[in-house]
Amino acid sequence: MSIVTVQLGQCGNQIGFEVFDALLSDSHSSQGLCSMRENEAYQASCKERFFSEEENGVPIARAVLVDMEPKVINQMLSKAAQSGQWKYGQHACFCQKQGSGNNWAYGYSVHGPRHEESIMNIIRKEVEKCDSFSGFFIIMSMAGGTGSGLGAFVTQNLEDQYSNSLKMNQIIWPYGTGEVIVQNYNSILTLSHLYRSSDALLLHENDAIHKICAKLMNIKQISFSDINQVLAHQLGSVFQPTYSAESSFHYRRNPLDLMEHLVPHPEFKMLSVRNIPHMSENSLAYTTFTWAGLLKHLRQMLISNAKMEEGIDRHVWPPLSGLPPLSKMSLNKDLHFNTSIANLVILRGKDVQSADVEGFKDPALYTSWLKPVNAFNVWKTQRAFSKYEKSAVLVSNSQFLVKPLDMIVGKAWNMFASKAYIHQYTKFGIEEEDFLDSFTSLEQVVASYCNL
């Protein structure tokens, strides 16, 4: 089954390029550590999902590129074509000459309605090229104007026109000390609108990815390209094919199935990704991995809400069900414990059938209203991903974003209470009432996750 990716704004287009590049590089890798037949099935499944063939044999990404300025789209078209490995479709782009000025309202209320027909036509044509269409993967940031405002508008339209198709939005959470003064306004408006129209929000925090680049990849001068490559690696390791069942060697046909497992209730749509290992080429040459070691680390990352394997808090343990806290210290531990609604572990590489995931089936990890048998899933493949002989990914619906979300809502509220910059939004049709609706909606999300 095929997925159509919609890349929105500067951030969405740059990440989208890196994702397609990572997917194709991995599928052509000679280090797959599996039989030739299995490798061919893996490549075919990857291509069916994300690429369509062209006559001269160069795969074309199943993607639509949207931005209100042409510069970034032109750069991405050129980079893809120059790779010689793949390219974007000739008529799969929409851009204009005027951006959104980091104003969510301008992207949503001006660019959206003005260009709705043109953008939706390009998307429709891309969908029609799919023999078997499973849904949309929408890549955008939430701090600027085009990705966030126009992204929310386009997602809403996709929900109206393709209500039976799955929609996952991959959203970049801005740096805590971002450069855009109104990023908190843009963020709450984006999140509250997407909560109504998307099936799942896959969130990546810039600060966390930055730390991975610095501490694990040992990159000294970190660029957006470095950050986007780490993001693309994480997304690729989620979306590349895996077996459809424990004993089967057929590849799973729809990667968006993960939403069926991870979003059991419309109130809980926020997903995170954690990858292990992450390291530079130099370190990799001197490191060996065991499934027991990788999964022990990954489980501790989950329960302590760590974004990477370095600096995990080893003192956080699941609360013992039914027992009251014995001391202030144990109460404190319980407060730091990250409760899950649902988790999916994806394992790729050598001896994968020997990996023991029992530690993720502990009822103490999950909310009381979902049994581990329904809350936990594992997908596997012998085919290694990228440069790692063994790798594990955790896609989790848990309390991981309660703190950052509460913080962003609080900062936006402080600005709103003093009416700062509100006029920039009201002049494009976003009223104070719309802000209040967004605050109410997101406070409800925070409360729901807190009460797990």
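**Ala-41, helix H8 and the overall fold**

User: Is Ala-41 buried or exposed, or in between?

Analyst: Ala-41 is partly exposed, its relative accessible area being 34%, where buried means under 20%, exposed over 50% and partly exposed in between, using a 1.4 Å probe and protein chains only. This is a predicted model, in which local features need pLDDT of at least 70 and side-chain atom pairs count only at pLDDT 80 or more, while totals for chains, interfaces and linings use all residues. Residues are numbered from 1 along each chain as its sequence is written, and side-chain values use heavy atoms, with hydrogens and water left out.

User: Which helix holds Ala-41, and how far is Tyr-251 in space?

Analyst: Ala-41 belongs to helix H2, residues 36–50, helices being DSSP runs of H or I with at least four residues, and strands E runs of at least two, numbered from the N terminus. Tyr-251 lies 210 residues from Ala-41 in sequence, yet their C-alpha atoms are 7.6 Å apart.

User: Switching to H8, how many of its residues are buried?

Analyst: In H8, 13 of the 16 residues are buried, so the helix is mostly covered.

User: And the whole chain, how many helices and strands?

Analyst: The chain has 16 helices and 13 strands. Its radius of gyration, taken over C-alpha atoms, is 21 Å, close to the 22 Å from the globule rule for 452 residues, so the chain is as compact as a globular protein of that length; that rule is 2.2 Å times the number of residues to the power 0.38.

User: What share of the chain is buried?

Analyst: Of its 452 residues, 57% count as buried.
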